[in-house]
Amino acid sequence: MERKTASAPAPLGAYAAPPATANPAKPLNRDVNAVPDDYFIPGRFAGRTYIVTGCARGMGRMAAIRLCREGANVVGVDWLKDEGEAVIAGIVASGGNARFVFGDVSENVVADEMVRIAVEAFGRLDGAINNAGVMDAVFPGDPVDYASQKRLAMNPIHESSDEYWDVVMRVNATGVFKSLRAELRQMVTQGSGGSIVNVSSVAGLRGFGGTPSYVASKHAVTGLTKNAAIDYAAYGIRVNSVHMANTATPMVDRAMELVRAKVKASGAPPGIGLAKTKSLLQYEDSAGRDSTPAEQVAVMLFLLSPESSNLTGANYATDGGFSTY
Ligand SMILES: NC(=O)c1ccc[n+]([C@@H]2O[C@H](COP(=O)([O-])OP(=O)(O)OC[C@H]3O[C@@H](n4cnc5c(N)ncnc54)[C@H](O)[C@@H]3O)[C@@H](O)[C@H]2O)c1
């Protein structure tokens with residue numbers, strides 16, 4: 001039978017090519033190439049509207065851009081005003097439909113506003129990627145200065161400050177709760193189902209040394225996902241979460257800078273907390289590469305799409321095998 005290719009996906013480029021030789025000393029070894037940053041499936045989300053929190057950079061930025069390239073309307077939210085506005089302006093300049101909402105997703109006024117704008121501008125809401133999150137209590141826009149930020153940085157429990165605990169829990173756990181609440185109120189009233197993806201972490205599936213608030217808050221996202229899936233299946237709304245390991249974004253660069261500064265300042269060896277930092281694929285990759293935002297966004301968009309119609313309430317380890325070993 002002839003295949004219909006009227007709106008075929010963009011080429012996968014290097015991904016489809018034979019894998020590169022990784023290591024001359026191990027000639028049979030091969031690296032796994034990442035899906036290209038500009039890969040997209042034309043028209044997949046035409047006429048649909050999604051919220052993406054944390055759209056100013058990292059995975060949220062890439063999710064907003066790719067959703068719009070696939071025909072979606074997007075409301076992007078971030079508390080980095082200039083960077084967030086620039087991402088949305090770039091989408092609009094290239095012909096996409098997008099709006100920006102500035103603010104902190106853990107505030108009701110912001111969660112309500114992002115839904116209000118989606119309905120006002122695009123008439124409906126079909127789902128969301130609740131992605132905004134922090135690893136520590138240092139504001140994402142601030143440069144690293146460990147000496148003055150020690151109290152805000154990640155530390156084991158006996159050395160953790162109230163600010164570190166409060167800010168990370170408020171953004172990661174309360175922020176996802178309030179985003180879900182605002183989105184689900186609209187989606188239930190609308191009555192046309194939909195799909196929501198919550199961004200957790202491998203730290204929402206297992207323990208991770210030295211980051212108590214991050215681990216607790218990401219486990220909260222895991223639990224909220226299961227709870228929401230149960231309560232909203234009756235409305236045709238699916239809710240899943242994704243759990244990545246190291247992914248190349250400004251968050252990881254900054255977290256590693258803070259960790260290095262902490263190890264240096266303490267003068268002690270890093271300890272068990274840093275015994276395992278690499279995913280399976282990262283460990284075997286000749287350059288030790290992190291996962292890319294494009295690899296993560298590919299899974300998030302699949303979970304938003306009708307192709308994942310049987311998937312809800314699941315916590316996907318999108319982690320290059322990190323939690324397997
Ligand atoms: N990068 C990784 O290795 C990794 C691993 C596991 C999980 N994650 C999770 O992925 C998500 C995205 O992270 P990223 O790596 O792209 O980080 P990032 O810092 O590059 O991007 C996160 C974005 O969210 C925004 N944001 C954070 N808190 C906010 C708030 N309260 N209100 C509005 N905007 C807010 C930031 O300003 C930033 O633009 C986070 O939830 C993070 O915990 C990342």
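This report covers the sheet, the helices on it, the ligand shell and the nonpolar core of one structure. The model is predicted.

**Sheet**

Seven strands form an open sheet. Their order is E5-E4-E3-E6-E7-E8-E9, and the pairing is parallel. Strand E5 (97-102) and strand E9 (315-316) are the edges, each pairing on one side only. Strand E4 (residues 73-78) runs parallel to E5, and six bridges join the two. One residue pair shows the register: valine 77 has valine 101 in E5 as its bridge partner.

Two helices that pack on the sheet are listed here.

| Helix | Strands touched | Angle between directions |
|---|---|---|
| H1 (residues 58-69) | E3 (49-53), E4, E5, E6 (127-130), E7 (194-199) | about 165° with E3 |
| H6 (residues 212-232) | E7, E8 (237-242), E9 | about 165° with E8 |

Strand E7 is touched by H1 and also by H6. The edge strand E5 is in touch with H1, while the edge strand E9 is in touch with H6.

**Ligand shell**

The ligand is surrounded by 29 residues. Gly54, Gly58, Gly133, Thr249 and Met251 are the closest. By class, the shell holds 15 nonpolar, eleven polar and three charged residues. Several elements contribute: H1, E4, H5 and helix H7 (250-266) each supply at least two shell residues. H1 thus has two roles in this description, packing on the sheet and lining the ligand.

**Nonpolar core**

Nonpolar side chains tend to be buried together in soluble globular proteins. Here the largest nonpolar core has 78 residues. Within this core, Ala64, Leu67 and Met114 touch the most other members. H5 gives the core its largest share, ten residues.

Which residues does alanine 64 contact beyond its neighbours within four places in sequence? They are Val52, Cys55, Val74, Gly76, Val87, Ile91 and Ala98.

**Methionine 154**

Methionine 154 sits in the loop between helix H4 (146-149) and helix H5 (162-190). Is this residue buried or exposed? Methionine 154 counts as buried because 25 C-beta neighbours lie inside 10 Å, and the cut-off for buried is 20 or more. Setting aside residues up to four places away in sequence, methionine 154 touches Met135, Asp136, Tyr164, Gly210, Thr211 and Tyr214. Leucine 125 is 29 residues from methionine 154 along the chain, and their C-alpha atoms are 36 Å apart.

Terms used
Residues are numbered from 1 along each chain as its sequence is written. This is a predicted model: local features need pLDDT of at least 70, side-chain atom pairs count only at pLDDT 80 or more; totals for chains, interfaces and linings use all residues. Two strands pair if DSSP finds at least two bridges between them. Helices (H or I, at least four residues) and strands (E, at least two) are DSSP runs, numbered from the N terminus. Two residues are in contact if their C-beta atoms, placed from the backbone, lie within 7 Å. Axes are lines fitted to C-alpha atoms, for helices over the stretch in contact, and angles run from 0 to 180 degrees between N-to-C directions. A residue is buried if 20 or more other C-beta atoms lie within 10 Å of its own, exposed if 12 or fewer, and partly exposed in between; C-beta atoms are placed from the backbone. A residue is near a molecule or strand if its C-beta atom, placed from the backbone, lies within 6 Å of it. Ala, Val, Leu, Ile, Met, Phe, Trp, Tyr, Cys and Pro count as nonpolar, Asp, Glu, Lys and Arg as charged, and the others, Gly among them, as polar. A nonpolar core is a set of buried Ala, Val, Leu, Ile, Met, Phe, Trp, Tyr and Cys residues joined through C-beta atoms within 7 Å.
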